[in-house]
Amino acid sequence: MHDAAPGAEPQELAAAAAPGRWARLKLPLALVLLTALAYANAAPKVLLYDDHMIISQGVGLERLDQIPGLFFKHARASAREHSRLYRPVAMSTLVIERVLHGGHARIYHVTTIIMHLGCTLLLFGVLMAFGASRRTAFVAALVFGVHPIHTEAVDQAFNRSEILATIGVLGGLWWLWRFLPRRRLLAIGGAGGIYFVALLCRESAVTLPALAVLAFAVLRPAGSLRAEVRRLAPLALLLVPLAGYLWLRQQALGEPGGGIGRSLTDGLASPGGVSARLALLATTLRDYVRMLAWPWPLRLTCHDYTVRLVWLAIAVHAGLLAAAVALVRRASWVTFAIAFFYVAILPSSKLFSDPATLAERFVYLPSAGACFALAAGLGTLERRHGARPVLLAAVAFAGAFMPLTLLRNLDFHSKHALWEAEYAATDRDWQVLLNLSEALLPMGHNDRVLAICRRGREVAPWNPGFRANAGVAYINVNRLDDAEREFRAAVAMAQRPEDYANLARLMAMTQRLSEAEAAYREGIRRMINPSTRYALTGEMLLRCRKDAARAATAFEAALRLEPKLRSARDGLNAARRLAVDLEREAAAERAAQPGAGPASAPGPKPGGVAPPPQH
């Protein structure tokens with residue numbers, strides 16, 4: 001017979017059936033305060049990594065009238081990158097925030113933390129709605145709230161999509177649990193709306209119908225297969241919002257179903273074949289399980305991930321699935337928790353070609369399911385030994401996880417701190433090495449930059465970024481011949497426009513202006529983004545021709561297209577300073593001429609700047 005709930009004894013529940021207002025509020029308030037304490041240092045005045053590229057430097061997230069357009073583009077369009085991520089509702093929250101507070105970095109973080117607090121409270125409510133006692137639900141939700149595995153989702157505003165999708169899935173489960181099957185129209189109508197919005201926040205919300213079937217079949221079984229099918233048949237209507245979502249994805253991304261089917265086939269057709277992809281799937285899922293129990297060291301990127309100990313991964317999954325089957329009658333909450341984890345993680349797994357190989361943020365929704373198993377264990381403890389062991393468990397979990405969360409939050413306070421922390425975990429991830437070398441350049445640590453770039457060339461000899469960063473470091477120490485060698489090597493490797501620009505700047509420094517202009521023009525020709533093409537054109541006119549007026553016109557054209565483009569802003573200021581200097585020089589020359597009259601302001605030069613050549 002299925003267990004009803006992992007809560008307290010019936011007489012205890014009856015005694016607490018009508019608690020006072022304070023009794024009802026003290027645990028939710030404690031949950032909010034303790035979770036907020038774990039993220040008390042998670043709102044710095046800086047946006048890093050994806051937040052910097054997509055929010056700080058991105059375009060199209062400034063005005064409310066841009067929100068409809070978000071439903072017809074992928075989530076990384078503002079960073080001018082290709083992706084199959086479709087999250088218009090999550091991206092719309094960033095636009096609304098920008099309008100409300102002007103783009104202050106700290107407020108983006110505070111809003112994301114508040115979303116996490118809301119999700120933690122919702123999980124507390126869902127656990128109780130499913131039958132957990134208040135104390136066991138509190139401890140399980142507290143573990144979710146302070147767990148360091150969630151720092152990547154909470155500390156980066158772009159990753160709030162994980163939180164919003166989880167809120168949608170948990171809210172949909174709660175709604176269906178309350179109203180199905182007694183009030184079918186209300187249950188499916190409300191859940192359908194929640195499901196549609198959650199899908200528009202993140203792809204992982206697609207699992208809601210499957211999780212709902214699991215919840216009813218495992219935790220509230222109907223007794224026979226026919227009765228189960230009759231009861232759950234209305235859930236098929238959730239295919240309607242799913243179809244609408246897939247249609248919108250297709251309009252935005254231009255592929256059938258928004259590329260989901262192609263992502264699956266590309267994944268299975270990856271190098272090494274199906275067996276290699278399944279081995280990668282098994283080991284990454286094993287490591288996600290490990291992260292829930294031992295979340296250290298925490299990593300932002302895992303480009304150095306290698307498939308190892310496949311046999312152990314298979315053994316872990318076989319053991320968990322066997323436990324789920326064996327406990328389906330005696331401990332159905334454990335069965336549901338295991339099934340929830342695997343179903344929820346699947347859309348973010350390496351079964352598909354698009355997701356990152358391994359990412360902590362992917363565990364946000366699956367970890368909510370794992371809390372059902374924790375609540376079940378705590379419920380057993382409470383029934384046998386009373387409330388004190390449960391409260392001690394809360395202290396133990398908070399004491400173990402909260403310090404790790406607070407430490408990890410500090411890594412997101414600066415670009416340098418973030419990549420130093422990543423580098424401390426590994427020196428085999430090429431992105432960590434590249435980003436750390438870039439973070440160290442403005443700090444003047446040129447010798448260390450060169451050492452890291454040498455290591456980067458060993459790890460990723462195909463990446464020209466290490467050559468480019470080494471070249472800049474050589475310029476900083478006045479080793480110009482070495483810098484030119486590195487820049488030419490970068491150009492030969494990939495012929496990126498930014499590498500031509502670096503080479504052109506070095507040539508301009510050494511007064512080889514004709515060669516510099518030729519390199520600039522090649523970089524301009526290869527530049528795809530029109531705003532950066534204008535900016536590079538302005539730089540060429542400024543450095544090679546000292547043509548302040550036409551350079552300023554080019555920079556202004558770049559800023560009209562991309563108002564936050566820093567290179568264009570800096571270039572425009574430099575052009576204006578040059579114009580002032582040239583005017584002073586001209587005035588001094590006129591004053592030095594015999595019989596010169598008072599200087600008059602020169603008229604504007606004829607003509608502007610022609611648009612840069614198209615790629």
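**Leu127 and the all-helix chain around it**

Leaving aside neighbours within four places in sequence, Leu127 touches Ala132, Ala137, Ala140, Ala141, Trp333, Cys371, Phe372 and Ala375. Keep in mind that this is a predicted model.

User: Which residues have the most contacts inside the largest nonpolar core?

Analyst: The contact list of Leu127 is a good place to start, and Trp333 is on it. Both belong to the largest nonpolar core, which has 105 residues. The residues with the most contacts inside that core are Leu127, Tyr288 and Trp333.

User: And which helix gives the most to this core?

Analyst: Trp333 is a handy pointer, being one of the residues with the most contacts inside the core. Its number falls within residues 332-345, the span of the helix you're after. With 10 residues given to the core, that helix is α17.

User: How many residues are in the other core?

Analyst: There is another core lying apart from the largest one. Its residues include Phe487, Met507, Tyr520 and Ala551. The count for this core is 52 residues.

User: Is Ala551 buried or exposed?

Analyst: Ala551 is found in helix α28, residues 548-561. Buried means a relative accessible area under 20%. Ala551 has 0%, so the call is buried.

User: Which residue lies 13 positions along the chain from Ala551 with its C-alpha 4.1 Å away?

Analyst: Look at what Ala551 touches once neighbours within four places are set aside: Gly538, Leu541, Leu542 and Ala575. One of these matches the 13-residue separation and the 4.1 Å between C-alpha atoms. That residue is Gly538.

User: What is the relative accessibility of Ala568, and what does Ala568 touch?

Analyst: Ala568 lies in helix α29, residues 566-592. Its contacts, leaving aside neighbours within four places in sequence, are Ala535, Phe555, Ala558 and Leu559. Ala568 counts as buried because its relative accessibility is 0%.

User: How far apart are the C-alpha atoms of Ala568 and Pro221?

Analyst: For scale, the C-alpha trace of the chain spans about 110 × 50 × 45 Å along its principal axes. Ala568 and Pro221 are 347 residues apart along the chain. Their C-alpha atoms are separated by 64 Å.

User: Where does Arg178 sit, and is Arg178 buried or partly exposed?

Analyst: Arg178 is in helix α9, residues 160-179. From Gln250, Arg178 is 72 residues away in sequence and 34 Å away in space, C-alpha to C-alpha. At 45% relative accessibility, Arg178 falls between the 20% and 50% cut-offs, so it counts as partly exposed.

User: Which residues are joined by cis peptide bonds?

Analyst: Start in the loop between α9 and α10, where Pro181 is placed: the bond from Leu180 to Pro181 is cis, with omega near 5°. Then go to the loop between α15 and α16, the place of Pro297. The cis bond there, with omega about 0°, joins Trp296 and Pro297.

User: What is the phi of Leu309, and where is Leu309?

Analyst: Leu309 is in the loop between α15 and α16. Its relative accessible area is 40%, so Leu309 is partly exposed. Although Leu309 is not a glycine, its phi is positive, at about 50°.

User: What about Gln495: which loop holds it, and what is its phi?

Analyst: Gln495 is found in the loop between α24 (480-494) and α25 (497-509). With a relative accessible area of 37%, Gln495 is partly exposed. Gln495 isn't a glycine, yet its phi is positive, near 50°.

User: How many helices and strands does the chain have?

Analyst: The chain has 615 residues, and 50% of them count as buried. Of the contacts with a separation of 6 or more, 70% are between residues 24 or more positions apart. The secondary structure comes to 29 helices and 0 strands.

User: How far apart are the centres of the positive and negative side chains?

Analyst: The accessible surface is about 27,600 Å², with 63% belonging to carbon and sulfur atoms. As for charges, there are 69 positive and 47 negative side chains. The centres of the two sets lie 8 Å apart.

User: Over which residues is the pLDDT below 50?

Analyst: The chain averages a pLDDT of 88, and 93% of the residues score at least 70. One stretch below 50 has 12 contacts beyond near neighbours in sequence, and another has 25. Where pLDDT is low, the predicted coordinates should not be read in detail. The stretches to treat that way are residues 7-18 and residues 598-615.

Technical notes. Residues numbered from 1 in each chain as written. Predicted model: local features only at pLDDT ≥ 70, side-chain atom pairs only at ≥ 80, totals over all residues. Heavy atoms only, no water. Core = buried A, V, L, I, M, F, W, Y, C linked by side-chain atoms within 4.5 Å. Buried < 20%, exposed > 50% of the residue type's maximum accessible area, 1.4 Å probe, protein only. Helix = DSSP H or I, 4+ residues; strand = E, 2+ residues; numbered from the N terminus. Contact = heavy atoms within 4.5 Å. Areas by Shrake-Rupley, 256 points an atom, 1.4 Å probe, with all protein chains shown as cover. Lys, Arg positive; Asp, Glu negative; His and termini not counted. Charge placed at Lys NZ, Arg CZ, Asp CG, Glu CD. pLDDT = per-residue confidence, 0-100.
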